Amino acid sequence: MTEEFRVDPPPVADERVLLRSFLDYQRGTLLWKLSGLTAEQLVQRAVDPSSMSLIGLVRHLSEVEKYWFHRALADHPSAPKYWSNEYPDGDFDLVDPAQAEQDLADFRAIVKTSDDLAAQYDLDATFIRPGHDSAYSLRYLYLHLIEEYARHNGHADLLRERLDGAVGE
């Protein structure tokens, strides 16, 4: 079942392949946690008082991908889609079951663009994050995103278990 969403990283490969494979594994884990649920279940806030939902996690990680790969690495001025100064937690607070399918499609498109952008840079390439002074490398970006996804996949485990009792590995 999980094979349609994620592939185990190879045990031996060069650094770039390993970093990309581990990030893809985490991305796939998130999608696996959403599989088989209705749009209403995807937007359900299952752990009070948190506004976190499974689709909220997808929207949040879409913004994270966009920030790090698009805005920081590629210096593209793309604005956040799901949050604003008025709604700083809009990725979690403004979910709508009628938009869940589109949110997933947007996530997949952002991931594809992120991968395409990263392929244009060496792992040692550096960039300055918006609003920061120190340089970051693409290598750092990969490691940070792996950590970000792993943390939120833990949240997804708890949310999914509360929704229908399904548990992960």
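## A tour from Asp103 to two helix pairs

Start by selecting Asp103: leaving out residues up to four places away in sequence, Asp103 touches Ile55, Val58, Arg59 and Tyr82. Keep in mind as you go that this is a predicted model. Colour helix H5 next, and you will find Asp103 within that helix. Is Asp103 buried or exposed? With a relative accessible area of 2%, Asp103 is buried, because the cut-off for that word is under 20%.

Now move to one of the partners of Asp103, Arg59. Arg59 belongs to helix H3, which covers residues 54-73. Switch on a surface if you like: the relative accessibility of Arg59 is 5%, so Arg59 counts as buried too.

Show the surroundings of Arg59. Neighbours within four places in sequence aside, you should see contacts with Tyr82, Gly90, Asp91, Leu94, Val95 and Asp103. Tyr82 is worth labelling, as this residue is on the contact list of Arg59 and also on that of Asp103. Then zoom in on Gly90. Which atom of Gly90 does the side chain of Arg59 reach? The target is the backbone oxygen, at 2.9 Å. For one more distance, pick the C-alpha atoms of Arg59 and Asp106: they are 8.6 Å apart, while the two residues are separated by 47 residues along the chain.

Zoom out and select H3 together with H5, residues 100-118. Their axes come within 9 Å and cross at roughly 25°. Since angles under 35 degrees count as roughly parallel, the two helices, H3 and H5, are therefore roughly parallel to each other. Their crossing is left-handed.

To see what forms this contact, show side chains on both helices. From H3, select Ile55, Val58, Arg59, Leu61, Ser62, Glu65, Lys66, Phe69, His70 and Leu73. From H5, select Ala100, Asp103, Leu104, Phe107, Ile110, Val111, Thr113, Ser114, Leu117 and Ala118. Both of our earlier stops, Arg59 and Asp103, are in this set. Colouring by residue type gives twelve nonpolar, four polar and four charged residues in the contact of H3 with H5.

For the last stop, select helix H1 (residues 15-34) and helix H6 (residues 138-164). How far apart are the axes of H1 and H6, and at what angle do the helices pack? The axes are 9 Å apart and the angle is about 20°, which means that H1 is roughly parallel to H6. Here H1 passes H6 in a left-handed crossing. Colour this contact by residue type as well: its residues divide into 14 nonpolar, three polar and eight charged.

Definitions and conventions:
Residues are numbered from 1 along each chain as its sequence is written. This is a predicted model: local features need pLDDT of at least 70, side-chain atom pairs count only at pLDDT 80 or more; totals for chains, interfaces and linings use all residues. Side-chain values use heavy atoms; hydrogens and water are left out. Helices (H or I, at least four residues) and strands (E, at least two) are DSSP runs, numbered from the N terminus. Buried means under 20% relative accessible area, exposed over 50%, partly exposed in between (1.4 Å probe, protein chains only). Contact means heavy atoms within 4.5 Å. A polar contact is a pair of N or O atoms within 3.5 Å; within protein, one must be able to donate a hydrogen and the other to accept it, and residues adjacent in sequence count only if both atoms are side-chain atoms. Axes are lines fitted to C-alpha atoms, for helices over the stretch in contact, and angles run from 0 to 180 degrees between N-to-C directions. Angles under 35 degrees count as roughly parallel, over 145 as roughly antiparallel, 65 to 115 as roughly perpendicular and the rest as oblique. A crossing is left-handed if the near helix is turned anticlockwise from the far one by less than a right angle, and right-handed if clockwise. Ala, Val, Leu, Ile, Met, Phe, Trp, Tyr, Cys and Pro count as nonpolar, Asp, Glu, Lys and Arg as charged, and the others, Gly among them, as polar.
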